[in-house]
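Biologist: Hi! Could we go through this one together?
Modeller: Happy to, let's bring it up.

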Amino acid sequence: MTVKGLVPDVVTYTCIMNWLCRSGKVEEAKSVFREMEEVGVIPNHFSYATLIDSLFKDGNAGEAFAFQGQMVVRGVGFDVVVYTALMDGLFKAGMPNDAENMFQVLLEESLVPNCITYSALIGGLCKLGDVNKGELMLQEMEEKCVSPNVVVYASIVDGYTKKGLLDEAINVMKKMVQRNISPNVFVYGTLIDGYFKAGQQGIALDLFKEMKSVGLEEGWRKLMSYYRL
């Protein structure tokens, strides 16, 4: 990757790795990481976080842990980005207790969780069915003046819906709207599916009409097309 004797710096290498990972080319990203080391450019915490996050998402927890260990050995500091990637990955790897412990370590290190951190935590809890704890974390982030986004609310809506608690789910959507956060097609889709399965077709159709009225019909078609593939 050297051009006219110029070697890219760690920011350039990490940006390339990030792009490759987002494109699903994790092996190529690992090759860039190795090249970076070979030319004497020292990876930083963003470099490691990029690979760790993608490896967990790829289902390769073992290799993700290996990179975590490499960080420790090399004395690379863990920041909120790294802890978030590890916590999210631990949930995905079926290690929820370790994931929650990672969140506590983050707090003990006097780091401040951001919206992405809380989103990963709440999403992981809700997928496990612990929606009440997810809502408690939502309250905590609001108390700490961390503004929740649509992904946070969507996780809680999905969690309640899967438990058949449709009144609670719809109340969360109403809370979103009160906070000027517009429900997306996933929120509407989750609720519509939940109400149809509960035999409450009238409410499901009303939600579908509401979704169309706010301009999300095309998104709904794309979502349905995706799940039919």
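Biologist: In which helix does Arg-34 lie?
Modeller: Arg-34 lies in α2, residues 26-38; helices are DSSP runs of H or I with at least four residues, numbered from the N terminus. This is a predicted model, where local features need pLDDT of at least 70, side-chain atom pairs count only at pLDDT 80 or more, and totals for chains, interfaces and linings use all residues. Residues are numbered from 1 along each chain as its sequence is written, and side-chain values use heavy atoms, with hydrogens and water left out.

Biologist: Is Arg-34 buried or exposed?
Modeller: Arg-34 counts as partly exposed because its relative accessibility is 42%. The cut-offs are under 20% relative accessible area for buried and over 50% for exposed, with partly exposed in between (1.4 Å probe, protein chains only).

Biologist: How far apart are Arg-34 and Leu-51 in space?
Modeller: They are 12 Å apart, C-alpha to C-alpha, and 17 residues apart in sequence.

Biologist: Switching topic, how many disulfides does the structure hold?
Modeller: Zero, taking a disulfide as a pair of cysteine sulfur atoms within 2.5 Å.

Biologist: Why is there no bond for Cys-15?
Modeller: Because the closest cysteine sulfur, in Cys-21, is 12 Å from the sulfur of Cys-15, too far for a bond.

Biologist: And is Cys-21 buried or exposed?
Modeller: Cys-21 counts as buried, since its relative accessibility is 11%.

Technical notes
Helices (H or I, at least four residues) and strands (E, at least two) are DSSP runs, numbered from the N terminus.
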